[in-house]
Amino acid sequence: MDLSVLVLPGDGIGTEVTREAVRVLRRVAEKWHHSLRLSEGLLGGAAIHQTGTPLPEQTVRLATAADATLMGAVGLPEFDNAPPDRRPEKGLLGIRRALGVYANLRPVKAYASLLDSSPLKNPLVEGTDMIIVRELTGGIYYGTPRGITEAGGETRAVNTMTYTRAEIERVSRVAFHLARARRKKVTSVDKSNVLENSQLWRRVVTELGGEYPDVALDHMLVDNCAMQLILSPRRFDVVLTENMFGDILSDEGAVLAGSIGMLPSASIGDRRPSGAWVGLYEPVHGSAPDIAGQNKANPLGAIGSVAAMLAYSFGLREESSAVERAVETVLDTGTVTADLRPSGAPATTEQVGRAVCAAIG
Ligand code: IPM
Ligand code: MG
């Protein structure tokens with residue numbers, strides 16, 4: 001198969017973890033005789049430095065031309081006080097929107113060999129296996145009006161949370177479909193006791209649920225969900241929620257998985273006319289400028305994102321499972337970075353990447 005992949009290393013540890021993810025992708029291509037065409041583009045702070053904008057047009061062109069995009073992370077402290085259009089994060093939101101990847105899938109799994117890495121009690125976390133389906137191209141992240149204004153001696157900031165029925169429907173369908181291949185349970189998370197936006201969300205999800213009678217649907221308020229994720233994580237199978245709630249809950253999920261460095265993500269949209277699913281693959285973690293350039297970031301979230309890419313964008317199930325199994329093997333051998341609190345000396349980013357390649361065989 002011909003795999004054309006755009007790599008956007010981005011900022012901070014993004015460059016280090018994507019290097020290892022690409023190493024794994026090359027190993028897979030070699031072993032299963034796929035031809036891999038890699039291109040590289042600029043996004044985030046790195047793009048601002050070189051072109052003055054966080055999402056150069058060239059990057060959008062490359063991403064639209066590629067079958068799939070692998071991203072590292074964006075964000076640098078030097079831009080913390082920059083105006084909105086010159087912030088690295090704007091580039092990430094821009095490319096998600098440009099590709100139309102409205103469903104962000106964030107699996108949260110407690111690996112047996114990592115139970116001691118979670119700060120939570122083992123019996124609570126053990127057996128956790130859920131996937132958060134986060135709406136990614138709507139809601140308060142994109143709603144207008146937005147901005148900070150000065151009027152009548154007062155400074156005011158406004159953001160708008162907005163969803164249409166169609167936006168809620170398409171991401172919900174992704175959640176119901178995923179549930180069918182799992183434990184057949186969807187928990188939709190909202191704040192419908194306060195927000196009209198969530199009232200529409202709940203109504204649309206409930207209506208759609210009628211089309212999937214084999215899938216059990218329940219609803220949970222987001223504050224309660226934040227608590228239940230820690231109290232009884234095993235009760236969750238597919239968690240469906242809007243953009244900002246999903247952003248927050250998925251970081252909480254990271255505590256269950258031992259470290260945020262473990263979490264992969266796949267953002268998918270509709271099918272291209274060619275039949276390929278549009279996909280943007282990125283670890284859930286950020287650019288972690290404090291540990292950047294030290295070869296100690298955990299590349300497994302990025303490597304897991306490669307496994308997701310192989311499955312979702314290319315339909316290569318065998319290759320994808322092989323990467324996932326290799327990750328488990330490496331976890332079992334204890335070749336892990338410092339965030340996973342190994343008993344011996346922590347491995348470097350590169351050592352973990354090479355170990356995964358070796359385990360693929
Ligand atoms: C994430 C990140 C991004 C988000 C930031 C970097 C804009 O936190 O992917 O979870 O909020 O979506
Ligand atoms: Mg986040």
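**Entry 1: the largest pocket**

I began with the largest pocket of this predicted model, and its volume came out at about 1000 Å³. Which residues lie closest to its centre? I noted Pro107, Ile131, Leu178, Tyr312 and Glu324, out of 37 residues that line the pocket.

Next I looked up which elements give two or more residues to this lining. Three are strands: strand 4 (103–109), strand 5 (129–135) and strand 11 (266–271). The others are helices: helix 6 (165–180), helix 10 (300–312) and helix 11 (317–333).

I also sorted the lining of the largest pocket by class. I wrote down 21 nonpolar residues, ten charged and six polar.

A reminder to myself on the idea behind such a search: a probe the size of a water molecule is rolled over the atoms, and this shows where empty space is left.

**Entry 2: the second largest pocket**

The second largest pocket holds about 870 Å³ of space. I found 37 residues in its lining, and those nearest the centre are Arg87, Glu89, Lys90, Leu93 and Tyr141.

Which element supplies the largest share of this lining? That is helix 4, with six residues. I can place helix 4 at 88–99 in the chain. Among the other elements that supply at least two residues are strand 3 (68–73), strand 6 (143–151), strand 7 (154–160) and helix 9 (243–256).

By class, I listed 18 nonpolar, eleven charged and eight polar residues for the second largest pocket.

**Entry 3: ligand 1**

Where does ligand 1 sit? I traced it to the second largest pocket, so my notes from Entry 2 came in handy.

Around ligand 1 I found Glu89, Leu92, Arg96, Arg106, Arg134, Tyr141 and Asp247. Helix 4 turns up again here, giving three residues, the largest share of this shell. By class, the shell has five charged residues, two nonpolar and no polar ones.

Then I looked at the polar side-chain atoms facing the ligand's oxygen atoms. For Tyr141, an N or O atom of the side chain is 2.6 Å from an oxygen atom of ligand 1. Arg134 has a polar side-chain atom 2.8 Å from a ligand oxygen. Asp247 also places a polar side-chain atom 2.8 Å from an oxygen atom of ligand 1.

How much of ligand 1 does the protein cover? On its own the ligand has 320 Å² of accessible area, and the protein covers 78% of that.

**Entry 4: two backbone spots**

Before looking at the backbone, I jotted down the usual pattern: most peptide bonds are trans, and most residues other than glycine have a negative phi.

Which residues does a cis peptide bond join? I found one between Thr144 and Pro145, with omega at about 0°. Pro145 belongs to strand 6, and that strand also supplies residues to the lining of the second largest pocket.

My last note is on His33, which is not a glycine and yet has a positive phi of about 60°. I located His33 in the loop between helix 1 (14–31) and strand 2 (35–40).

Definitions and conventions: Residues numbered from 1 in each chain as written. Chains lettered and ligands numbered in written order. Predicted model: local features only at pLDDT ≥ 70, side-chain atom pairs only at ≥ 80, totals over all residues. Heavy atoms only, no water. 1 Å grid on protein atoms, 1.4 Å probe; cavity = no way out; pocket = protein on both sides within 12 Å on 5 of 7 lines; lining within 4 Å. Points joined across faces, edges and corners; volume = space filled by probe spheres on them. Helix = DSSP H or I, 4+ residues; strand = E, 2+ residues; numbered from the N terminus. Nonpolar A, V, L, I, M, F, W, Y, C, P; charged D, E, K, R; others polar. Near = heavy atom within 4 Å. Polar contact = N/O pair within 3.5 Å; in protein donor to acceptor, adjacent residues only side chain to side chain. Areas by Shrake-Rupley, 256 points an atom, 1.4 Å probe, with all protein chains shown as cover. Sits in = over half its atoms within 2 Å of the grid points.
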